[in-house]
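Visitor: I should like to be guided through this structure by question and answer. Please reason each reply through to the value or name requested.

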Amino acid sequence: MTADFCSHRISIITGHYGTGKTEFSVNLALALAEDGASVMLADLDIVNPYFRSRERRKLLEEAGVRLISSSQACSDADVPALPAELLTILENRDIRGVLDIGGDPVGARVLARFQPKIVQEDYQLIYVLNANRPEVRTVETAIMYLRGIEATTGLTCSGIVNNTHLCGETTVEEIRKGAALAESVSKETGIPVLCHVAEEKFVPALSDLPETVFPITIKMKKPWE
Amino acid sequence: MAKELWKGNEAIAEAAIRAGCDCFFGYPITPQSEVPEYMSVHLPEHGGVFVQAESEVAAINMVYGAAGAGMRAMTSSSSPGISLKQEGITYIAGAELPAVIVNCMRGGPGLGTIQPGQGDYFQATRGGGNGDYRTVVLSPSNVQETVDFMQEAFDIADQYRNPVMVVCDGLIGQMMEPIEWREIPKRNLPPKDWAANGRKGRDHHNVINSLYMDPEVCDAHNRHLDEKYAEIAKNEVRWEEVQCEDAEIVITAYGTPARIALTALDALRADGIKAGLFRPITLWPFPEKALHELAAKEHVKAFLDVEMSSSGQMIDDVRLAVEGQKPISYLGHAGGVMPTVEEMIESAKKALKEVQ
């Protein structure tokens with residue numbers, strides 16, 4: 001099982017802008033599908049106009065992941081509209097759901113109206129951390145954003161994901177730097193570190209980390225990659 | 001210094017603050033809204049002033065006023081918003097004031113799309129406002145270069161008392177890239193003894209103005225501006241040539257298409273095709289002489305111009321520079337669609353085949 005660190009029915013992926021939530025969400029949805037689950041991924045990012053999980057619709061659907069996103073017309077018009085089908089994830093308990101949320105407390109605001117429904121379900125609010133993003137590189141600021149997201153959504157975070165990278169310039173050392181930050185945030189908050197995200201080539205060099213290393217392949221490529 | 005991961009628009013704002021931007025006047029529009037958002041939080045921390053204006057027109061006129069008082073003033077917007085600023089830009093150019101304007105370009109015309117575009121080349125380089133004026137146009141092709149250009153933009157503006165535009169397409173504004181904060185050499189700049197910031201013991205008031213009622217005086221003012229533009233054209237032209245030394249097919253591109261072209265070059269070279277890239281970095285002044293000389297080289301057989309524009313805009317400057325020495329073909333998309341590596345490879349091969 002590639003995604004056994006993620007045992008709850010609904011995974012809600014939050015974090016600071018640009019920490020790599022979408023890359024993690026897409027890879028997580030694919031891993032859950034590979035493990036045999038019936039998976040739906042909801043693109044609920046109302047902040048970012050580009051690099052959205054819906055851009056990988058074909059890839060996801062070919063892998064058996066159903067993608068839910070607001071219509072192109074709504075999102076390209078900057079209308080913060082949410083897809084009605086989202087309720088399928090919240091109500092159908094046979095579905096494993098991954099919710100890809102926009103950055104910061106402002107992006108997480110979309111969850112607030114669904115809070116009463118979400119708390120009835122087996123969910124996990126995941127906080128994605130990237131130690132190379134200047135605004136969350138210290139324990140204090142990383143916790144500040146985490147608490148801000150919890151306050152906005154009315155949900156409780158129960159897992160930290162270390163997704164520290166530098167795009168094409170990532171090294172094992174970078175991932176370890178993020179692991180140290182995630183560990184400190186975990187110690188301070190009591191929230192466990194769920195996994196460390198690493199491109200497959202880095203996985204063997206990280207086997208000594210106490211938590212799971214989640215192997216990914218980059219799906220949100222830039223046009224020249 | 002260790003690299004950090006920055007989003008293009010945030011990095012533009014941070015770089016402007018580090019370059020000593022005193023005040024920012026803006027209005028939100030996708031895909032550049034992170035610039036004013038970041039400025040609103042961080043510029044006041046450095047003693048600067050952020051104002052969200054009531055419109056783009058108001059914002060550029062606030063820039064006009066603040067620049068006239070000797071401040072390092074800046075605004076940013078995206079295509080339709082930049083259209084609204086044109087009147088202010090021509091006033092700033094006419095009154096000879098330094099100002100920095102960032103255009104994070106999206107697809108047009110009109111409201112177009114929020115996806116990336118390059119259809120504002122004519123507007124930026126030909127002057128979208130009225131009258132005979134020029135705006136220096138810097139065109140970075142990645143986040144690091146964008147960051148490095150912000151101080152240069154302010155310095156060039158101050159040195160020549162002229163508006164400087166930094167054009168990047170929406171992709172550069174929206175993408176995350178590792179960057180490092182480098183020390184950019186500061187220029188030795190003239191004092192702003194022309195600023196309308198109080199009399200300060202002078203024997204005259206400084207006046208900021210673009211109105212010259214007397215035709216002779218207005219003509220003389222235009223001649224003076226023209227001499228200044230000639231000086232800028234001589235000193236500030238920038239471009240990059242990649243693998244052009246032996247290239248048979250040369251791709252001309254700026255911004256994101258130039259970035260895509262680098263991948264296409266590798267693939268073409270691996271296929272035994274001698275391909276190169278000529279990337280204008282200043283769109284005005286355009287690197288006309290360098291491109292003319294490259295076109296004259298015997299090994300160069302053909303050019304392929306690639307833009308995020310329906311039938312091309314920079315291609316006019318490429319044609320003027322190449323002056324018919326070699327054929328020029330075109331590949332482009334508008335409306336937020338980006339040219340792909342595969343399309344570039346195919347178009348380059350086709351262009352080369354046509355001359356053989």
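Visitor: Which residue just after helix 10 of chain B takes a positive phi?
Guide: In this predicted model, the position lies just after helix 10 of chain B. Phi there is positive, at about 85°. The residue is B:Gly272.

Visitor: How far apart are the end C-alpha atoms of helix 10 of chain B?
Guide: Helix 10 of chain B comprises residues 256-270. At 1.5 Å a residue, its 15 residues should span 21 Å. The separation in the model agrees with that expectation, the end C-alpha atoms being 22 Å apart.

Visitor: At what angle do the axes of helix 10 and helix 13 of chain B cross?
Guide: Two packed helices are described by the angle and the distance between their axes. Helix 13 of chain B covers residues 341-355, and its axis comes within 9 Å of that of helix 10 of chain B. The arrangement is oblique, and the crossing is right-handed. The axes cross at roughly 55°.

Visitor: How many of the residues in the contact of helix 10 with helix 13 of chain B are nonpolar?
Guide: Helix 10 of chain B contributes B:Ile260, B:Ala261, B:Thr263, B:Ala264, B:Ala267 and B:Leu268, while helix 13 of chain B contributes B:Val341, B:Met344, B:Ile345 and B:Ala348. The residues of this contact include 1 polar and no charged. The nonpolar residues number 9.

Visitor: Is B:Glu96 buried or exposed?
Guide: B:Glu96 lies in the loop between helix 5 (86-94) and strand 5 (99-105) of chain B. Its phi is positive, about 55°, although it is not a glycine. A residue is buried if 20 or more other C-beta atoms lie within 10 Å of its own. B:Glu96 has 21 such atoms, so it is buried.

Visitor: What is the value of phi at A:Cys167?
Guide: A:Cys167 is placed in the loop between strand 6 (157-162) and helix 8 (172-189) of chain A. With 16 other C-beta atoms within 10 Å, A:Cys167 is partly exposed. Most residues other than glycine have a negative phi. At A:Cys167, however, the value is positive, near 50°.

Visitor: Which residue does B:Thr30 join through a cis peptide bond?
Guide: Most peptide bonds are trans. The bond that follows B:Thr30 is cis, with omega about 5°. The partner is found in the loop between strand 2 (23-26) and helix 2 (34-42) of chain B. That partner is B:Pro31.

Visitor: What is omega for the peptide bond from B:Trp284 to B:Pro285?
Guide: B:Pro285 is in the loop between strand 12 (282-284) and helix 11 of chain B. The bond leading to B:Pro285 is cis. Its omega is near -5°.

Visitor: Leaving aside neighbours within four places in sequence, which residues are in contact with B:His299?
Guide: B:His299 is found in the loop between helix 11 (288-296) and strand 13 (302-307) of chain B. It counts as partly exposed, with 13 C-beta neighbours inside 10 Å. Beyond its sequence neighbours, B:His299 is in contact with B:Asp246, B:Ala247 and B:Glu248.

Visitor: How many charged residues has the side of chain A that touches chain B?
Guide: The contact takes 17 residues from chain A and 22 residues from chain B. On the side of chain A, 9 residues are nonpolar and 3 are polar. The charged residues on that side number 5.

Definitions and conventions:
Residues are numbered from 1 along each chain as its sequence is written. Chains are lettered from A and ligands numbered from 1 in the order in which they are written. This is a predicted model: local features need pLDDT of at least 70, side-chain atom pairs count only at pLDDT 80 or more; totals for chains, interfaces and linings use all residues. Axes are lines fitted to C-alpha atoms, for helices over the stretch in contact, and angles run from 0 to 180 degrees between N-to-C directions. Helices (H or I, at least four residues) and strands (E, at least two) are DSSP runs, numbered from the N terminus. Angles under 35 degrees count as roughly parallel, over 145 as roughly antiparallel, 65 to 115 as roughly perpendicular and the rest as oblique. A crossing is left-handed if the near helix is turned anticlockwise from the far one by less than a right angle, and right-handed if clockwise. Two residues are in contact if their C-beta atoms, placed from the backbone, lie within 7 Å. Ala, Val, Leu, Ile, Met, Phe, Trp, Tyr, Cys and Pro count as nonpolar, Asp, Glu, Lys and Arg as charged, and the others, Gly among them, as polar. The expected span of a helix is 1.5 Å times one less than its number of residues. A residue is buried if 20 or more other C-beta atoms lie within 10 Å of its own, exposed if 12 or fewer, and partly exposed in between; C-beta atoms are placed from the backbone.
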